[in-house]
Amino acid sequence: MKSSYLLLTCYLFFQALAWTSADPPKSRPDSHAPIGVMGDHGHKTGEVMLSYRFMTMDMQGLQSGTTTVETAEVLKDFMMAPTTMQMQMHGFGAMFAPHDKLTLMAMANYQFLRMEMEGAHLHKEGHHGHLVGHHEMSSSGVGDAKLEGLLTLWKRPHFTLLGNIGVSLPTGSISKKGADGNLLPYPMQLGSGSFQARPGVTLFGYHRNWSYGSQLRGTFPLHTNSQEYRHGTAVLVTAWGARRLSDWISLSGRFFWTHSGNITGSHPELNLLMSPSHRPDWRGGQRLDFAISSNLMVPTGTFAGQRLAVEFQMPLYQNLTGTQLKTRWRLILGWQYAFHL
């Protein structure tokens with residue numbers, strides 16, 4: 001319900017902007033949203049855009065709800081406790097517009113995951129078949145691919161309303177194992193194992209040297225996967241504003257709110273007493289983040305039209321379901337290049 005009110009507010013705000021005078025988008029650096037926003041713009045008939053994103057994330061320290069939890073407390077009830085986790089992801093995208101009002105998009109990624117754990121014999125229940133002291137686990141491989149169609153629902157010279165219709169394909173593994181042969185916990189798996197619907201709506205507007213946007217996206221698993229569980233529903237709401245400083249650079253800031261549900265069901269090979277990361281009912285939560293970013297576009301020359309972008313994200317508020325690692329920061333670097341066939 002809160003997401004619906006926010007979306008309505010953003011819609012009314014940008015509709016008011018649509019009636020003000022503004023420069024047409026053309027080839028300004030802020031004609032694309034911050035690099036952390038996906039599916040924010042369409043293309044003209046026959047236009048192609050290729051993109052690459054590198055994302056790195058750091059998680060450290062345990063939290064339950066909004067309260068910090070010490071590792072020693074977790075080890076009273078579990079065999080192991082996660083202490084840090086890092087993720088790196090290489091994302092590859094392609095967009096093609098068969099029509100001015102329809103842009104098709106495909107995205108694939110390759111991930112590297114690493115988690116540090118502490119093990120001890122201080123837990124109340126369970127057996128002792130686990131590592132003691134500090135150790136690490138890692139996994140890598142292809143993640144879930146995404147296909148999407150962007151429909152132009154309403155367009156003015158300096159204002160666009162897009163409908164996002166997408167699906168996530170279960171191309172990422174959900175059966176990764178550690179060096180000891182045991183199945184890795186949910187955060188260390190590369191995919192969801194399920195087809196997922198990804199609907200959304202995006203608003204984008206311009207006013208002189210400023211641009212604005214907002215987006216509402218959802219991720220809805222369509223079935224239980226082959227290992228008897230499915231990921232929770234996720235909803236993301238974001239709003240941003242950007243300032244064009246010159247023909248080649250813009251700066252922007254944005255807020256985004258994420259709600260994630262818990263996993264339904266559980267993998268039959270995961271022991272719930274092993275660690276908090278093995279608990280399917282401790283995977284949800286809400287988070288409010290702030291991000292600062294910049295778009296740089298080459299205006300002329302051999303590399304004209306190519307765009308470089310960077311975004312740094314930091315959480316302002318995290319309310320986690322159960323005991324989980326908390327996010328410290330994310331960094332996204334990107335390259336985009338659009339051309340006509």
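I started with a cross-strand pair: Phe255 stands opposite Phe290 in S15. Here helices (H or I, at least four residues) and strands (E, at least two) are DSSP runs, numbered from the N terminus.

Before going on, I noted that this is a predicted model, where local features need pLDDT of at least 70 and side-chain atom pairs count only at pLDDT 80 or more, while totals for chains, interfaces and linings use all residues. Residues are numbered from 1 along each chain as its sequence is written, and side-chain values use heavy atoms, with hydrogens and water left out.

**Strand pairing.** I looked up the partners of S15 (residues 285-297). Strand S13 (residues 249-260) runs antiparallel to S15 over twelve bridges; two strands pair if DSSP finds at least two bridges between them. S15 also pairs with S16, again in the antiparallel sense, over 13 bridges. Arg287 has Gln318 in S16 as its bridge partner.

**Whole chain.** I got two helices and 16 strands for the protein chain. Of its 341 residues, 48% count as buried (buried is under 20% relative accessible area, exposed over 50%, partly exposed in between; 1.4 Å probe, protein chains only). I then checked contacts (heavy atoms within 4.5 Å): among those between residues at least 6 apart in sequence, 70% join residues at least 24 apart.

**Core.** The largest nonpolar core has 25 residues, and Met85, Leu113, Met115, Met137, Met188 and Leu325 touch the most other members. Such a core is a set of buried Ala, Val, Leu, Ile, Met, Phe, Trp, Tyr and Cys residues joined through side-chain atoms within 4.5 Å. S1 (47-65), S3 (80-99), S4 (102-119) and S16 (306-340) each supply at least two of its residues. I followed Met137 outward: beyond four places in sequence, its contacts are Leu113, Arg114, Met115, Met117, Leu184, Pro185 and Met188.

**Asp30.** Is this residue buried or exposed? I found Asp30 buried, at 0% relative accessible area, in the loop between helix H1 (2-18) and S1. Its side chain makes a polar contact with the side chain of Arg28 at 2.7 Å (a pair of N or O atoms within 3.5 Å; within protein, one must be able to donate a hydrogen and the other to accept it, and residues adjacent in sequence count only if both atoms are side-chain atoms). Not counting residues up to four places away, Asp30 touches ten listed residues' worth of surroundings including Phe204, Trp210, Arg244 and Arg307.

**Phe339.** I ended in strand S16 with Phe339, which is partly exposed at 26%. Its C-alpha lies 6.4 Å from that of Met49, 290 residues apart along the chain.
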